[in-house]
Every structure is written in structure tokens, then in C-alpha cells.
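Colleague: Please take a close look at one part of this model, a single aromatic side chain and what lies around it. I would like one connected account that starts there and works outwards.

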Amino acid sequence: MDALQPLTEAAWEAQINIPEDISGLQDFLKNQVTSFSNGDDGYEQALDFDDSASGLASFAITEEGGRKGEVLYRFYFAHLNPSEVEVEVRGTDVELNLSTYSRNKYIEEVEEEDKSFINKMTIYFPSVEAGQTAAYAVRALIPVAKDTYESQMPSFSATSAALEELNQLLSATDLTEYDQ
């Protein structure tokens with residue numbers, strides 16, 4: 001029976017036809033995250049990617065009938081840990097749980113006026129198959145997003161050059177308006 005598993009996985013992968021490039025993976029994943037009702041629970045949700053900052057994702061969710069209003073998450077897929085992309089079934093809910101590397105709080109969560117940083121988040125799906133497909137796409141997107149993210153990082157030949165760049169950035173920033 002174990003010999004059949006690679007064959008079924010290969011057939012399933014061919015059937016869902018997940019792209020390999022970053023924009024194709026982002027579009028594929030955006031189309032997988034949809035609003036739906038599942039019994040008493042309903043979720044209005046959408047995933048989007050910021051064109052100006054390659055790889056920055058935003059995920060907005062509102063639970064129908066929930067006490068919370070809209071919650072917005074901003075994060076980079078490059079910060080997610082592919083080994084902690086998990087699909088769980090809880091009652092009638094199918095959850096795709098995502099966590100950051102080393103549980104670093106790299107996911108910005110904005111709820112009403114409150115902003116915080118967290119290390120895990122959940123996206124909901126109407127079926128286990130939809131959740132598994134999205135999980136597969138997320139696992140494929142993470143290393144591609146990480147390569148893209150790292151290629152955008154500036155490199156400096158010396159510490160002095162890095163400090164000079166940092167000083168220029170800080171001098172151009174009005175720190176009097178910053179709230180912590």
C-alpha cells in the first residue's frame with residue numbers, strides 16, 4: 001500500500017497543476033482563498049499581494065456572526081516555516097495554520113484600532129481538499145518567496161557603507177511622528 005502513495009501524490013499534483021513562478025503561485029493562492037459559509041460558520045476572506053513590495057501579502061478575514069470585525073494580517077511568505085504549514089479539521093471548520101520560522105512575531109495583525117505582531121495565523125477553507133491544495137501551494141510558494149525576498153536585500157561591501165545607508169534612511173524619516 002505504501003508503494004501507491006507516491007503514485008497517488010504525483011497524480012494529484014498533476015491534476016491541480018500548481019505554477020512554479022512567484023506570480024503564478026501568488027495568483028493561484030489568491031484564487032484558492034475565498035469567502036464561504038459552512039453550516040453555522042461563515043468566513044468573508046481575501047488574500048492579496050502588494051505589487052510595490054514584492055512578496056508582501058495581506059489577508060483580510062471577517063467571521064460571519066462573530067464578535068470580531070474585520071481582522072487584517074500583513075506578512076511575507078518568506079517568513080513562514082514550510083514544515084509548519086498544517087491543515088486541521090475542527091468540527092465543521094477546515095483550517096490552514098501558518099507559523100513563522102522560530103516563532104518570530106513577523107505577522108502584523110490589525111483589528112479595529114489595535115495593531116500587534118504574532119507568529120501564527122489561520123485561513124479557513126470549505127473542504128479538506130481545498131485546504132490541502134492551498135497548503136501545497138503555500139509550501140511551494142515559501143522557498144520561491146524567500147529567494148525573491150533575499151534577492152531584494154541590499155548588500156554592502158563594508159560596515160561603513162551599511163552605516164552610511166542607514167544614517168541616510170534615518171535622516172529622511174520623521175521620528176517625531178512615530179508611536180510605539
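Modeller: Tyrosine 43 is buried, because its relative accessible area is 3% and the cut-off for buried is under 20%. This is a predicted model, and the values below are computed from it. By the ring-pairing rule, the count comes to 6 aromatic pairs. Tyrosine 43 and tyrosine 124 make one such pair: their ring centres are 4.1 Å apart and their planes meet at 5 degrees, so the pair is stacked. The cut-off behind that word is an angle under 30 degrees. The two tyrosines link distant parts of the chain, with tyrosine 43 in strand E2 (residues 41-49) and tyrosine 124 in strand E9, 81 residues apart. Tyrosine 124 is buried as well, at a relative accessible area of 13%. Phe36 joins these two rings, and Phe36, Tyr43 and Tyr124 form one aromatic cluster.

Another aromatic pair, phenylalanine 75 with phenylalanine 77, is tilted, with 5.0 Å from centre to centre and 55 degrees between the planes. Phenylalanine 75 counts as buried at 1% relative accessibility, and phenylalanine 77 counts as buried at 1% too. A ring can also have a charge over it: the charged end of lysine 146 sits over the ring of tyrosine 101, 4.9 Å from the ring centre.

Tyr124 leads on to the largest pocket. The lining of this pocket has 19 residues, and those nearest its centre are Tyr73, Lys120, Met121, Thr122 and Tyr124. The space in the pocket is about 380 Å³. Five strands each supply at least two lining residues: E3 (56-63), E4 (71-76), E6 (93-99), E7 (107-111) and E9 (120-125). The largest share, 4 residues, comes from E9, the strand that holds tyrosine 124. By residue class, the lining divides into 8 charged, 6 nonpolar and 5 polar.

Strand E2, where tyrosine 43 lies, also leads to a charged contact. Side chains of opposite charge can pair when their charged atoms come close. A search of the whole structure finds 7 salt bridges. In one of them, aspartate 48 pairs with lysine 30, and the closest N and O atoms are 3.6 Å apart. This pair links strand E2, which holds aspartate 48, to helix H2 (residues 22-32), which holds lysine 30; the two residues are 18 residues apart. Aspartate 48 is partly exposed, with a relative accessible area of 38%. Lysine 30 is partly exposed at 28%.

Glutamate 84 and arginine 103 meet in another salt bridge, 2.7 Å from N to O. Here both partners lie in loops: glutamate 84 in the one between E4 and strand E5 (86-90), and arginine 103 in the one between E6 and E7, 19 residues apart. Glutamate 84 has a relative accessible area of 22% and is partly exposed; arginine 103, at 43%, is also partly exposed.

Arginine 90 and glutamate 95 meet in a salt bridge at 3.5 Å, N to O. Which of these two partners is buried, and which partly exposed? Arginine 90 is partly exposed, because its relative accessible area is 48% and the exposed class begins over 50%. Glutamate 95 counts as buried at 8% relative accessibility. Some salt bridges share partners, and these join Asp27, Lys30 and Asp48 into one network.

The wider setting is as follows. The chain has 4 helices and 9 strands, in the order α-α-β-β-β-β-β-β-β-β-β-α-α along the sequence. Of its 180 residues, 33% are buried. One residue in a helix is leucine 141, which lies in H3 (residues 128-151). Leucine 141 is buried, with a relative accessible area of 1%. Its C-alpha atom and that of glycine 24 are separated by 9.5 Å, although the two residues are 117 residues apart along the chain.

To return to the starting point, tyrosine 43 is a buried residue whose ring stacks on that of tyrosine 124. Tyr124 is in turn among the residues nearest the centre of the largest pocket.

Key
Residues numbered from 1 in each chain as written. Predicted model: local features only at pLDDT ≥ 70, side-chain atom pairs only at ≥ 80, totals over all residues. Heavy atoms only, no water. 1 Å grid on protein atoms, 1.4 Å probe; cavity = no way out; pocket = protein on both sides within 12 Å on 5 of 7 lines; lining within 4 Å. Points joined across faces, edges and corners; volume = space filled by probe spheres on them. Nonpolar A, V, L, I, M, F, W, Y, C, P; charged D, E, K, R; others polar. Phe/Tyr/Trp six-rings, centres within 6.5 Å; stacked < 30°, edge-to-face > 60°. Buried < 20%, exposed > 50% of the residue type's maximum accessible area, 1.4 Å probe, protein only. Lys NZ or Arg CZ within 6 Å of the ring centre and 35° of its normal. Salt bridge = Lys/Arg side-chain N within 4 Å of Asp/Glu carboxyl O.
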